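I opened this model to look up its pocket, its helices and its nonpolar packing. The notes below follow the order in which I checked things.

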Amino acid sequence: MEITTRSLWTLIHGMGFGALYLLAGSGAIVALYGRYTTDAPSQSVTGEYRFLGIYLAVMAVLAWLTVLTGTYIIYPWYRATPPAGTANLAAYPRSLLLSNPATSQWHSIGMEWKEHVAWLVPIAITATAVVVIRYASDLKNHSQLRSALLGFIVTSLFAAGIAGFFGAMLDKNAPVDGGQTIQLVQGE
């Protein structure tokens with residue numbers, strides 16, 4: 001079994017950082033909602049607030065790693081321009097998608113989302129993490145701020161989920177492939 005370096009980076013970007021972010025997102029919603037909506041007397045420990053802040057900070061790191069690897073490692077391979085007269089566009093994903101009317105919308109809509117809207121994900125979750133770390137136990141007294149934080153988390157998950165879907169469809173229709181081959185398992 002083997003994989004190319006570009007395929008490996010695509011895997012790390014989407015199934016590594018991106019999928020972990022999406023999985024962590026549901027936990028963040030449950031933790032933030034449950035922590036600050038209960039009417040039980042507040043007998044919280046500083047460690048619980050610290051954990052939630054660290055959890056959100058790790059999510060922010062995952063979001064930034066996802067967006068930065070996509071933008072600065074994978075995207076240049078995706079945008080590569082084929083030399084004039086190239087008939088086989090398999091090594092040039094953007095050109096391959098745009099060459100067929102049936103797949104050109106994957107670039108026009110999908111990649112535009114990934115290029116622009118996906119940047120909301122790390123910004124929204126970083127803002128949430130900073131507010132939770134800064135205001136921790138005082139958030140119990142600010143229901144509108146808690147609602148805004150939940151809105152930021154949901155927005156970031158929505159944008160990340162759509163970006164992940166588009167990334168999977170783009171990779172299915174025009175994979176970013178090439179580079180050195182890495183031998184994972186030796187055949188018989």
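For the helix labels I take DSSP runs of H or I with at least four residues, numbered from the N terminus. The model is predicted.

Entry 1, pocket. I looked up the largest pocket and found about 810 Å³ of space in it. It is lined by 34 residues, and those closest to its centre are His13, Gly14, Lys114, Ala163 and Gly167. I then asked which helices each supply at least two residues of the lining. They are α1 (5–37), α2 (46–79), α4 (104–116) and α6 (143–173). The largest share comes from α1, with 10 residues. By residue class, I list the lining as 21 nonpolar, 10 polar and three charged.

Entry 2, α6. I checked the span of this helix: its 31 residues reach 45 Å from first C-alpha to last, close to the 45 Å expected at 1.5 Å a residue. I also noted its buried residues, which include Ile153, Ala163, Phe166 and Gly167. Of these, Ala163 and Gly167 already appeared among the residues closest to the pocket centre.

Entry 3, nonpolar cores. The largest core has 23 residues, and I find that Tyr21, Leu32, Leu56, Met59, Ile125, Val132 and Ile153 touch the most other members. Two or more residues of this core come from each of α1, α2, α5 (120–135) and α6. I recorded a second core apart from it, of eight residues, including Tyr75, Tyr78, Leu97 and Ala174.

Entry 4, Leu56. What does Leu56 touch, not counting residues up to four places away in sequence? I list Ala28, Ile125, Thr128, Ala129, Val132 and Ile153.

Note on methods: Residues are numbered from 1 along each chain as its sequence is written. This is a predicted model: local features need pLDDT of at least 70, side-chain atom pairs count only at pLDDT 80 or more; totals for chains, interfaces and linings use all residues. Side-chain values use heavy atoms; hydrogens and water are left out. On a 1 Å grid over the protein atoms alone, a cavity is a set of points where a 1.4 Å probe fits but cannot get out, and a pocket is an open set with protein on both sides within 12 Å along at least five of seven lines; lining residues have an atom within 4 Å of a point. Grid points are joined across faces, edges and corners, and a volume is the space filled by probe spheres set on the points. Ala, Val, Leu, Ile, Met, Phe, Trp, Tyr, Cys and Pro count as nonpolar, Asp, Glu, Lys and Arg as charged, and the others, Gly among them, as polar. The expected span of a helix is 1.5 Å times one less than its number of residues. Buried means under 20% relative accessible area, exposed over 50%, partly exposed in between (1.4 Å probe, protein chains only). A nonpolar core is a set of buried Ala, Val, Leu, Ile, Met, Phe, Trp, Tyr and Cys residues joined through side-chain atoms within 4.5 Å. Contact means heavy atoms within 4.5 Å.
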